[in-house]
Amino acid sequence: MRHFTSVADIGDIPSAISEALAIKSDRFAYKHLGENRTLLMIFFNSSLRTRLSTQKAALNLGMNVMVLDVNQGAWKLETERGVIMDGDRPEHLLEAIPVMGSYCDVIGVRSFARFESKADDYSEKIISQFIEHSGRPVFSMEAATRHPLQSLADLITIEEHKTVDRPKVVMTWAPHPKALPQAVPNSFAEWITAAGYDLVITHPHGYELDPRFTAGATIEYDQDKALAGADFVYAKNWSAYADPNYGKVLSTDRAWTVTAEKMALTNNAFFMHCLPVRRNMIVSDDVIEGPRSLVIPEAANREISAQLVLKRILQDLP
Ligand code: AN0
Ligand code: CP
């Protein structure tokens, strides 16, 4: 593997899952693979899980790790070409990227949708420039339109807990006070359908996702109907994708919060969320603390998804 930004980069999904489970049962089997190799993780946005799980995965593989929070301690970066740089950004991304590439062997980038331009976000303007100008393999730690390390961890978690071959997986929108990217739901939809599962997506009108990600899924606007018979309930907030409301919060209706009453409609479903989660907005305390909540093992599997991706990148380094 050279770069990792979407499900297309993982190849055969069943092989990826079995490789992930093998890694999980022996995390240190490849601890020499990363010897004298350096991972640089670059964060344009906050992170708890991605930051820790990806470092841990790299350490399991014997790598050295450097972490840069671009907004804390580095020069503010200009990202537009052609700008007269007389403002508050002393450095351009076009110098910063090859410089960063010169200090490492592999680069992870977190760069959320900025909601300034839908075209920029959906063309993955930032991570694409890392791929183009760093000279290194680049993997997404959540870019503007996708969060593939999360989706891979989600898929591993579903594989570990499913009791039927083809479980009913339901992704439900849930309320949140601030505008969030579509990356997590886009990616989840893309990975779950690629894995061959039946996916039902439920959300209020106006929250339709980009159909390039949801092709093959069923859209059901009635949340109760969607939840009926579900084996897995994957909750997530996202902001509107469709114009003219791109990046806007259209509803904070707490009738969409995942509560015990909602979970009672399901087939004793497991509850999933990528975290961080706002309790009693997205999900009630009792559901997230309950015996069917998978949020902690799901987050723990982020170490495994990151390790699978790093292992494959290391194995293919020139
Ligand atoms: C981010 C998002 O929704 O994309 C990161 C999730 C992993 N969430 C927040 O900013 C709260
Ligand atoms: N799920 C996830 O990516 O969490 P962080 O934003 O804390 O990394």
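**Two ligands and two domains**

Let me begin with one contact in this predicted model: an oxygen atom of ligand 1 lies 2.6 Å from an N or O atom in the side chain of Glu142. A second contact involves Lys236, which places a polar side-chain atom 2.7 Å from an oxygen atom of ligand 1. On its own, ligand 1 would expose 330 Å², and the protein buries 83% of that area. Besides Glu142 and Lys236, the residues around ligand 1 include Phe112, His147, Leu180, Pro181, Cys274, Leu275 and Pro276, and by class this shell divides into 6 nonpolar, 1 polar and 2 charged residues.

Turning now to ligand 2, the shell is made up of Ser47, Leu48, Arg49, Thr50, Arg110, His147, Gln150, Cys274, Leu275 and Arg302, which by class gives 3 nonpolar, 4 polar and 3 charged residues. Three arginines deserve a careful look here: the side chains of Arg49 and Arg110 each have an N or O atom 2.8 Å from an oxygen atom of ligand 2, while for Arg302 the corresponding distance is 3.0 Å. Of the 250 Å² of accessible area that ligand 2 has on its own, the protein covers 94%.

Where, then, does ligand 2 lie with respect to the domains? Domain 1 (7-146 + 302-315) and domain 2 (150-298) both contribute residues to its shell, so ligand 2 lies between them. The C-alpha centres of the two domains are 25 Å apart, and 25 residues of domain 1 are in contact with 32 residues of domain 2.

Finally, as to the pocket, the space taken by ligand 1 is the largest pocket, and the space taken by ligand 2 is likewise assigned to the largest pocket.

Key: Residues numbered from 1 in each chain as written. Chains lettered and ligands numbered in written order. Predicted model: local features only at pLDDT ≥ 70, side-chain atom pairs only at ≥ 80, totals over all residues. Heavy atoms only, no water. Near = heavy atom within 4 Å. Polar contact = N/O pair within 3.5 Å; in protein donor to acceptor, adjacent residues only side chain to side chain. Areas by Shrake-Rupley, 256 points an atom, 1.4 Å probe, with all protein chains shown as cover. 1 Å grid on protein atoms, 1.4 Å probe; cavity = no way out; pocket = protein on both sides within 12 Å on 5 of 7 lines; lining within 4 Å. Sits in = over half its atoms within 2 Å of the grid points. Nonpolar A, V, L, I, M, F, W, Y, C, P; charged D, E, K, R; others polar. Domains from an automatic or database assignment. Contact = heavy atoms within 4.5 Å.
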